[in-house]
Amino acid sequence: MSQNKKYMYAYRKDYAQIIQHKTAEIFELAVYGEKISIDEFSTIFVNSLVAEAFETMDPVLILGKSSNELLAMMLDKTPIDYCVSSYASPEYWVGWVLGYAQTTLKKSFKTLIKVFPCSELLNYYFPYHEMDIKQILDVFKDKLLKYSPLKERREAVGLSQNDLSLLTDIPVRTIRAYEQNKLDIKKAQADTVVELARALSCSVNYLIY
């Protein structure tokens, strides 16, 4: 490994740890400081520039602003100097897990929270907060394997697999394989995904999440 690659890896590892800490702090501060429910705040978070900056490891926001400042950005208000609790609250743990899952699994916060809503993750605090964090990561992996944006969108627009096959000329067995994650839709030919997105009136990015 070249010297530059070693430095880049070190930076990314350091950033991942900072992201994990700040995501944890932001969630706790939002719930206890701003009195926002955890699911309401998770929606604000996933649609914010802060989540995008964490996903892309943007040093300007990761290193340049405190957790209180980042929270204020998301809420479009003046920062308040809230203090993080001296113990790891359940909400802190939820943010900690989300930060770890995002930097480890390389999935967007939006996808992670879609398959594992924060209020549901909160129910796993006991006993998972006392376990190795990889244990809860395995739960995320299992939920991601069962999640299919293609199926979700197809059902939302009221189409059967056969309907979608007729609209796209893609075999039903192929559509079924994508929905069951037996075939990786991200590895499909571009025109196949484009045709599915056209028939379902959604973006290509939505289908490959």
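In this predicted model, the buried residues of helix α11 pack against four helices, namely α12 (161–168), α13 (172–179), α14 (190–200) and α15 (204–208). Helix α14 takes part in the packing from its own side as well, since its buried residues pack against α11, α12, α13 and α15. The points below take α11 and α14 in turn, then the pairing of α12 with α13, and finally a buried serine in α5.

**Helix α11**

- Helix α11 spans residues 149–156, and within this stretch P149, L150 and R154 are buried.
- Viewed down the axis of α11, these buried residues fall within an arc of 130°, so they line one face of the helix.
- An α-helix has 3.6 residues a turn, so residues three or four places apart point the same way.
- Just after α11, the backbone at G158 adopts a positive phi of about 75°.

**Helix α14**

- The buried residues of α14 are T192, V193, L196, A197, A199 and L200.
- Around the axis of α14 they cover an arc of only 165°, and they therefore sit on the same side of the helix.
- The face of α14 that is turned away from this buried side carries A190 and D191, both of which are exposed.
- Just after α14, S201 takes a positive phi, with a value of about 55°.

**Packing of α12 against α13**

- Two packed helices are described by the angle between their axes and the distance between the axes.
- For α12 and α13, the packing angle is about 120° and the axes lie 9 Å apart.
- Roughly perpendicular covers 65 to 115 degrees and roughly antiparallel begins over 145, so the angle between these two helices makes α12 oblique to α13.
- The crossing in which α12 passes α13 is right-handed.
- On the α12 side the residues that meet the partner helix are Q161, N162, L164, S165 and T168, while α13 contributes V172, I175, R176 and E179.

**S67 in helix α5**

- S67 lies in helix α5, which comprises residues 67–75.
- Because buried means under 20% relative accessible area, S67 counts as buried at its relative accessibility of 6%.
- The side chain of S67 is joined to the side chain of E25 by a polar contact of 2.5 Å.
- When neighbours within four places in sequence are left aside, S67 is in contact with K22, E25, I26 and L29, so that E25 appears both in this contact list and as the partner in the polar contact.

Terms used
Residues numbered from 1 in each chain as written. Predicted model: local features only at pLDDT ≥ 70, side-chain atom pairs only at ≥ 80, totals over all residues. Heavy atoms only, no water. Buried < 20%, exposed > 50% of the residue type's maximum accessible area, 1.4 Å probe, protein only. Arc of directions from axis to C-beta. Contact = heavy atoms within 4.5 Å. Polar contact = N/O pair within 3.5 Å; in protein donor to acceptor, adjacent residues only side chain to side chain. Axes fitted to C-alpha atoms, helices over the stretch in contact; angles between N-to-C directions. Parallel < 35°, antiparallel > 145°, perpendicular 65-115°, else oblique. Left-handed = near helix turned anticlockwise from the far one by under 90°.
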